Amino acid sequence: MPTTGAEPMEAMVARARAGDERAFAELATAVRGQVHRWALVRTGDADDAEDVAQTVVIRLHRHLHAFEGRSRFTTWLYRLTASAALDWVKGRGRRERAHLASADPAALSAATDDRIAALENERTAALVRSFFAELPARQREVFDLVDLQGFTPAEAGEMLEIEGVTARAHLFRARRAIRERILAAHPNARDDR
Amino acid sequence: MTMDCAAARALLLEADPAELRGEADSPLAAHLAACADCRAAADAILAGEAELDAALRTLASPSTDPKVIPLRPARGWGRRMVPAAASFAALAAAVAGILLTRPHTAAPRGATTEQIAQLMFPAPPIARAAAGQSVAVLKTSDPGVTVVWVY
């Protein structure tokens with residue numbers, strides 16, 4: 001979770017909860033990129049992710065008073081994002097296209113594929129396509145949270161509301177799939193012996 | 001070196017990143033410290049995952065096109081407000097989201113988004129947003145209406 005330099009996230013949350021609108025704006029600005037990333041990985045759709053991220057900012061404003069500190073703010077915010085993502089996709093009637101429950105290789109939207117294609121490195125673009133097309137949503141989420149963003153499997157499990165051991169099982173499957181793909185794209189690193 | 005390369009390659013696929021970086025005290029880390037080929041494979045994995053991370057960060061950045069999300073007010077008008085993005089964008093160039101909380105005043109039936117915005121904001125509120133921020137919370141002349149701008 002990003003910090004905002006001088007002020008710890010918790011202090012900003014406390015000020016925003018107390019009704020300081022400026023603190024809320026700072027908080028929302030600070031977490032928006034993180035929320036967008038979570039939404040992207042969860043929905044597998046670049047356009048949906050942007051819309052979800054904006055919706056989460058709105059919901060954060062509406063519901064921040066309900067955050068009582070029983071869980072970490074990051075965990076609470078992740079669940080807010082997951083809920084918004086589910087609602088957004090339901091509202092658009094596109095659950096089957098949004099990878100929430102399954103990995104359908106044909107399901108990447110044209111807009112998402114265009115944004116992936118715009119990445120400078122073709123090898124990276126292919127890896128990102130594999131990430132979205134070949135990994136079920138839950139594996140993507142755990143891999144992104146743990147290996148790319150530095151949360152522990154236990155923290156990821158709490159955010160996703162699954163057991164830590166289940167999170168680790170998803171993580172290992174995701175690592176194997178992603179790393180096999182990476183090594184296949186690096187001929188010099190493959191085990192040819 | 002107690003671990004052979006075949007065993008190391010199998011472990012590479014599921015090992016923690018710290019182990020791949022050689023930061024752990026494990027048989028795999030010891031093998032990677034001694035075997036240049038397996039070290040290269042571990043480095044390729046780490047580089048690939050870093051590329052993936054950077055790519056996801058790029059994809060998870062707002063597009064440059066202004067967009068308005070239609071949202072239902074918290075309560076009040078009781079129907080989904082569908083803004084006309086073009087006219088709204090003329091009012092505030094990069095505004096992306098709007099929240100209406102506790103709207104006490106009813107909008108005229110059939111009002112356009114621009115008319116609603118003009119009713120609520122006597123001046124373009126985007127000018128009052130703090131520098132370096134992409135979210136602003138603005139009070140309107142109606143104490144029951146708060147606007148959250150995401151731009």
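**Cores, helix 9 and salt bridges**

Reader: Which residues touch the most other members in the largest nonpolar core?
Author: Phe24(A), Leu27(A), Leu60(A), Leu64(A) and Phe73(A), out of 64 residues in that core. A nonpolar core is a set of buried Ala, Val, Leu, Ile, Met, Phe, Trp, Tyr and Cys residues joined through side-chain atoms within 4.5 Å. Buried means under 20% relative accessible area, exposed over 50%, and partly exposed in between (1.4 Å probe, protein chains only).

Reader: Which helix gives the most to this core?
Author: Helix 2 of chain A, residues 21-43, with 10 residues. Helices are DSSP runs of H or I with at least four residues, strands are runs of E with at least two, and both are numbered from the N terminus.

Reader: Any ground rules on the model?
Author: This is a predicted model, where local features need pLDDT of at least 70, side-chain atom pairs count only at pLDDT 80 or more, and totals for chains, interfaces and linings use all residues. Residues are numbered from 1 along each chain as its sequence is written, chains are lettered from A and ligands numbered from 1 in the order in which they are written, and side-chain values use heavy atoms, with hydrogens and water left out.

Reader: Back to Phe24(A). What is it in contact with, beyond four places in sequence?
Author: In chain A, Ala16(A), Val57(A), Leu60(A), His61(A) and Leu64(A). From chain B come Val135(B), Val137(B) and Val148(B). Contact means heavy atoms within 4.5 Å.

Reader: What other core lies apart from that one?
Author: One of 16 residues, among them Leu183(A), Met3(B), Cys5(B) and Ala42(B).

Reader: Leu183(A) is in helix 9, then. How far does that helix reach?
Author: Helix 9 of chain A, residues 164-184, reaches 30 Å from first C-alpha to last over 21 residues. That is close to the 30 Å expected, taken as 1.5 Å times one less than the number of residues.

Reader: Which of its residues are buried?
Author: They include Ala167(A), His170(A), Leu171(A), Ala174(A), Arg175(A) and Leu183(A). Ile178(A), Arg179(A) and Ile182(A) are buried too.

Reader: What do they pack against?
Author: Helices 6, 7 and 8 of chain A, together with helices 1, 2 and 4 of chain B.

Reader: Arg179(A) in there caught my eye. What does it form a salt bridge with?
Author: Asp147(A), with the closest N and O atoms 3.6 Å apart. A salt bridge puts a side-chain nitrogen of Lys or Arg within 4 Å of a carboxyl oxygen of Asp or Glu. Arg179(A) lies in helix 9 and Asp147(A) in helix 7 of chain A, so the pair ties together parts 32 residues apart in sequence.

Reader: Buried or exposed, that Arg179(A)?
Author: Buried, at 0% relative accessibility. Asp147(A) is buried as well, at 13%.

Reader: And in chain B, how do Asp53(B) and Arg57(B) meet?
Author: In a salt bridge, 2.6 Å from N to O. The two sit four residues apart in helix 4 of chain B, about one helical turn. An α-helix has 3.6 residues a turn, so residues three or four places apart point the same way. Asp53(B) is buried at 14% relative accessible area.

Reader: Which residues do shared partners join into one network?
Author: Asp147(A), Arg175(A), Arg179(A), Asp16(B) and Glu49(B), through salt bridges.

Reader: How many salt bridges over all chains?
Author: The structure holds 23.

Reader: Last one. What pattern does chain B follow?
Author: α-α-α-α-α-α-β-β along the sequence, which comes to six helices and two strands. Of its 151 residues, 47% count as buried.
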